[in-house]
2 protein chains.
Amino acid sequence: MQKNITIVDIAKEAGVSISTVSRVLTGNARVKEEKKARIQEIIDKYDFHPNILARGLINTRTHVIGILCADIRNPYYAALCVTCEQAANENGYNIMLCNSFGDRLKEFELLDNLSRQRVDAIILLGGAADDLVTDHEYAEKVNMISDQIPVVITGRLDGTPCSRINIDATEAMTQVMNYISTISSFKKIAFAGGRSDVIFTVGLRACFRKMLRQLKLEYIPEFDVSNPHYDETGGLEAMDTILKHGKPDIVICVNDFTAVGVMKSLANHQLKVPDDISLISFDDTFISTLITPHLTSISYNYVQFGSQLIESAINLIEGKPAPTETLIHPTLVIRESCKKGA
Amino acid sequence: MQKNITIVDIAKEAGVSISTVSRVLTGNARVKEEKKARIQEIIDKYDFHPNILARGLINTRTHVIGILCADIRNPYYAALCVTCEQAANENGYNIMLCNSFGDRLKEFELLDNLSRQRVDAIILLGGAADDLVTDHEYAEKVNMISDQIPVVITGRLDGTPCSRINIDATEAMTQVMNYISTISSFKKIAFAGGRSDVIFTVGLRACFRKMLRQLKLEYIPEFDVSNPHYDETGGLEAMDTILKHGKPDIVICVNDFTAVGVMKSLANHQLKVPDDISLISFDDTFISTLITPHLTSISYNYVQFGSQLIESAINLIEGKPAPTETLIHPTLVIRESCKKGA
DNA sequence: TTGAAAGCGCTAACAC
DNA sequence: GTGTTAGCGCTTTCAA
């Protein structure tokens with residue numbers, strides 16, 4: 001390990017004061033062109049970069065945005081984090097990523113961690129903010145933190161000043177149902193998976209029932225099956241339950257993983273997608289096109305989603321206002337899991 | 001935004017000097033129990049955390065480890081990053097994650113970025129380090145950086161002092177081939193996907209041929225098909241090519257994504273897995289159990305892999321030695337994509 | 001324009 | 001045990 005080169009070394013070699021070097025570094029003041037060139041040359045020669053810690057000590061900026069999500073292995077979070085990172089990079093920020101693995105305690109810890117790391121802003125992707133009813137202790141924690149660091153969330157956290165960016169659940173489900181309504185053979189609609197204490201899912205279900213009424217389609221309670229796990233197992237269990245009560249024409253799956261489980265249950269029952277039963281899902285992760293048939297799925301424009309998250313965060317960092325709530329418009333991507341209209 | 005509370009405020013309120021507060025903060029020196037308790041109380045009351053930047057300025061430690069990978073959306077990287085993060089957290093470190101998206105230029109940039117952020121160590125997951133023949137410019141860059149910051153890699157970077165942690169390609173392929181040899185009906189073995197300029201893949205292929213000879217099985221050049229893309233398309237293309245030349249008994253796929261593509265090609269040709277053709281793949285990501293039939297796949301013990309990466313990094317950070325090269329032992333996970341022995 | 005010097009918040013060596 | 005003080009590397013007044 002070499003001795004770190006500092007602004008002092010540069011100043012010495014250039015025969016100027018450190019302030020002058022600092023001026024060319026920040027560009028905040030005029031320096032005589034000739035000197036400036038000489039200094040820049042030396043900076044380049046050593047590939048010198050000012051110590052970001054020392055800088056941060058002064059203007060209390062680290063140019064790091066912390067992201068807290070449940071599990072980056074979930075393609076939904078991966079897709080979102082990646083677009084966040086790109087948007088952040090474009091604006092000179094870096095991402096510090098943390099996974100809570102759905103552990104509320106760990107989420108608390110990581111929140112602390114992030115604030116201790118002096119990140120400039122924190123983005124909370126779901127987690128406690130996904131809860132239908134806000135955990136007060138958590139909200140209090142976030143409140144303490146957001147006194148110092150702007151916090152942007154997906155979901156909702158009552159009693160906190162956090163900016164919220166969310167998928168428009170109502171629009172998502174409306175699109176699904178409108179699409180379904182164009183196919184006359186779809187009479188019995190099922191909804192598989194998702195928890196009743198997760199705000200987005202609750203929004204989906206509420207709209208599901210509303211649209212059913214609106215479209216004069218029957219709501220069959222036995223075909224509306226929740227499940228604690230947003231994964232394959234959840235889908236498998238939910239579909240097994242549904243099939244005990246009959247055979248729907250189409251099943252709406254709360255996410256792609258659930259759809260995979262639903263397909264497995266269907267396969268176990270010798271039912272073919274989409275010939276016997278059609279499928280629509282939410283999230284449109286890469287899983288949609290990985291499995292056969294490819295899933296017709298609601299897509300979220302992850303690029304816009306991520307950019308919005310970062311944009312709000314940066315605005316808040318810079319003391320500018322950011323919208324309290326922003327809704328992301330979903331779009332239905334039609335593939336093969338849904339029988340063609342008739 | 002509230003005024004930041006500092007060590008001075010704590011000292012003032014406790015009626016002691018800042019050094020005393022610092023002592024209870026670091027625990028590096030004895031403080032009278034009574035005072036200690038009083039100070040701790042005030043610290044807790046304000047939920048005070050010492051400014052990590054100021055601390056870092058002194059001991060030049062940020063407690064952040066930077067990870068550079070191609071694309072976190074790839075389940076292989078996601079699995080690895082997650083275990084790295086856990087290992088890092090357990091040791092008081094945080095992760096700064098960057099994705100290069102396979103763009104060599106961006107990789108350069110991010111490397112710079114990370115070093116500018118003063119991360120304590122950098123972990124390079126593949127990227128340029130995956131190259132069979134080292135990119136000299138890149139190696140030079142890494143050399144400059146590793147003068148200041150320890151760099152740990154998967155892959156190889158000739159001419160750099162980086163510690164390397166790698167999957168044992170030879171052992172992985174040996175296990176696959178030994179397993180294959182237990183099934184007497186397997187005579188014609190194919191290998192699908194992977195590039196000839198990626199070091200791990202090259203290792204796999206070399207061992208593939210060696211084992212074929214050793215097991216007195218025929219090497220059929222037309223059944224050994226590379227492909228630039230480690231994804232579904234790559235697998236589909238490779239398998240289409242193989243099928244033009246005949247029907248192998250089993251195809252070894254360079255990774256899970258490739259296996260998915262291979263299965264699609266097979267389905268297009270009305271061939272069933274494993275009844276008509278068996279499949280084995282590498283990586284054992286969640287995709288292995290997502291698709292039907294579940295893939296028999298070589299698994300890497302991601303927990304050990306991640307821990308090893310972090311352990312080496314931390315050792316280097318602390319000036320302790322770390323092994324130049326560590327090999328991770330793979331294990332074959334037997335599922336359904338491979339016909340049972342006969 | 002430029003340099004000297006104060007100070008960001010903290011730790012550690014040095015006195016007492 | 002405890003306080004005083006000198007930095008860590010940088011930015012930013014304040015004078016010149």
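**View 1. Surroundings of DNA strand C in the predicted model.** In this predicted model, DNA strand C is surrounded by 27 residues, and the closest of them are A:Ser19, A:Lys32, B:Thr6, B:Ile7 and B:Ala54. Two or more residues of the surface near DNA strand C are given by each of four elements, namely α2 and α4 of chain A and α2 and α4 of chain B. Sorted by class, the surface near DNA strand C holds 12 nonpolar, 11 polar and four charged residues.

**View 2. Surroundings of DNA strand D.** Around DNA strand D there are 29 residues, of which A:Thr6, A:Ile7, A:Ala54, B:Ser19 and B:Lys32 are the closest. At least two residues of the surface near DNA strand D come from each of α2 (18-26) and α4 (52-59) of chain A, and likewise from each of α2 (18-26) and α4 (52-59) of chain B. Among these elements, α2(A) provides the largest share, with six residues. The classes represented on the surface near DNA strand D are 13 nonpolar, 11 polar and five charged residues.

**View 3. The contact between chain A and chain B.** In the contact, 42 residues belong to chain A and 41 residues belong to chain B. On the side of chain B that touches chain A, at least two residues are supplied by each of α4, α5 (75-90), β2 (94-99), α6 (104-116), α11 (256-268) and α12 (287-290) of chain B. The element that gives the most to this side of chain B is α5(B), with six residues. By class, the residues of the side of chain B that touches chain A comprise 21 nonpolar, 12 polar and eight charged.

**View 4. Strand β9 of chain A and its covered faces.** Strand β9 (residues 278-282) of chain A is mostly covered, since five of its five residues are buried. On one side of β9(A) lie A:Ser278, A:Ile280 and A:Phe282, on the other lie A:Leu279 and A:Ser281, and all of these residues are buried, so that both faces are covered.

**View 5. The strands paired with β9 of chain A.** Strand β8 (residues 250-253) of chain A runs parallel to β9(A) and is joined to it by four bridges, with A:Val251 standing opposite A:Leu279 in β9(A). Between these two strands the chain passes from β8(A) through helix α11 (residues 256-268) of chain A to β9(A), forming a β-α-β crossover that is right-handed. Strand β10 (residues 296-299) of chain A also runs parallel to β9(A), and three bridges join the two; here A:Ile280 has A:Thr296 in β10(A) as its bridge partner.

Conventions. Residues numbered from 1 in each chain as written. Chains lettered and ligands numbered in written order. Predicted model: local features only at pLDDT ≥ 70, side-chain atom pairs only at ≥ 80, totals over all residues. Near = placed C-beta within 6 Å. Nonpolar A, V, L, I, M, F, W, Y, C, P; charged D, E, K, R; others polar. Buried ≥ 20, exposed ≤ 12 C-beta atoms within 10 Å, placed from the backbone. Pairing = 2+ DSSP bridges. Right-handed = clockwise from strand over helix to strand, strands pointing away. Contact = placed C-beta atoms within 7 Å.
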